[in-house]
Amino acid sequence: MVATSEESAAVVELDQSKVGRLSRMDAMQAQAMAKASGQRREAVLRNIEAALKRIDDGEYGLCRDCDESINPKRLEFDPTALRCIECESKREDS
Ligand SMILES: [Zn+2]
C-alpha cells in the first residue's frame with residue numbers, strides 16, 4: 001500500500017521518455033489517483049493517531065458523545081471508531 005504513490009510517480013517519468021500524449025495523460029491520471037489515495041491514507045493515519053492519544057488519555061473504547069463503552073466488535077471492525085453504534089447512527093440520520 002505504501003509504495004503505490006511512488007510507483008505511480010515513477011510511471012509518469014517513464015512515459016515522458018517514451019511518447020504519446022495519451023499514455024502521458026493516463027499516467028497523470030494514475031498519479032492524481034495515487035495522490036487522492038494518499039490523502040485518504042493521511043486521514044486514516046490521523047484517525048489512528050487520535051485513537052492512540054485516546055489510549056493515552058484512558059478514553060479509548062468510550063463513546064465520545066455518550067461515554068458508554070463502544071462495542072468491542074465495532075472496535076475490531078474499526079479500531080479508530082470514536083462513537084458507539086447508536087450515536088454514530090444518530091449522526092448519520094441528522
Ligand atoms: Zn454513544
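## Exercises on a predicted helical model

Not counting residues up to four places away in sequence, Arg74 is in contact with Ala81 and Ile85. The structure behind these exercises is a predicted model, and each task below is followed by a solution that goes step by step.

**Exercise 1. Find which element holds Arg74, and decide whether Arg74 is buried, partly exposed or exposed.**

Begin with the position along the chain: Arg74 belongs to helix H3, which covers residues 72–77. Next, consider the surroundings, where 15 other C-beta atoms are found within 10 Å of Arg74. A residue is called buried at 20 or more such atoms and exposed at 12 or fewer, so with its 15 Arg74 is partly exposed. Finally, look along the chain to Cys84, which is 10 residues apart from Arg74, while the two C-alpha atoms are separated by 8.0 Å.

**Exercise 2. Compare the surroundings of Leu82 and Glu49, and say for each whether it is exposed or partly exposed.**

Take Leu82 to begin with, which sits in the loop between H3 and helix H4 (85–93). Because 18 other C-beta atoms lie within 10 Å, Leu82 is partly exposed. Its C-alpha atom is 9.1 Å from that of Asn47, although 35 residues separate the two along the chain.

Now turn to Glu49, a residue of helix H2. Glu49 has 11 C-beta neighbours inside 10 Å and therefore counts as exposed. For Glu49 and Thr80, which are 31 residues apart along the chain, the C-alpha atoms are separated by 8.8 Å.

**Exercise 3. Explain what is notable about the phi angle of Asp67, and describe where this residue lies.**

Start from the general expectation, which is that most residues other than glycine have a negative phi. Asp67 is not a glycine, yet its phi is positive, at about 65°. As for its place, Asp67 is in the loop between helix H2 (21–57) and H3. With 9 C-beta neighbours inside 10 Å, Asp67 is counted as exposed.

**Exercise 4. Describe the protein as a whole, and state which element has the lowest mean pLDDT and which the highest.**

Begin by listing the elements: the protein has 4 helices and 0 strands, in the order α-α-α-α from the N terminus. Then consider burial, where 4% of the 94 residues count as buried. Among contacts with a separation of 6 or more, 25% join residues that are 24 or more positions apart.

Lastly, examine the confidence of the prediction, for which the mean pLDDT of the protein is 81, with 76% of the residues reaching 70 or more. Helix H1 (residues 4–18) has the lowest mean pLDDT among the elements, at 56, whereas helix H3 has the highest, at 91.

Methods. Residues are numbered from 1 along each chain as its sequence is written. This is a predicted model: local features need pLDDT of at least 70, side-chain atom pairs count only at pLDDT 80 or more; totals for chains, interfaces and linings use all residues. Helices (H or I, at least four residues) and strands (E, at least two) are DSSP runs, numbered from the N terminus. Two residues are in contact if their C-beta atoms, placed from the backbone, lie within 7 Å. pLDDT is the predictor's confidence in each residue, from 0 to 100.
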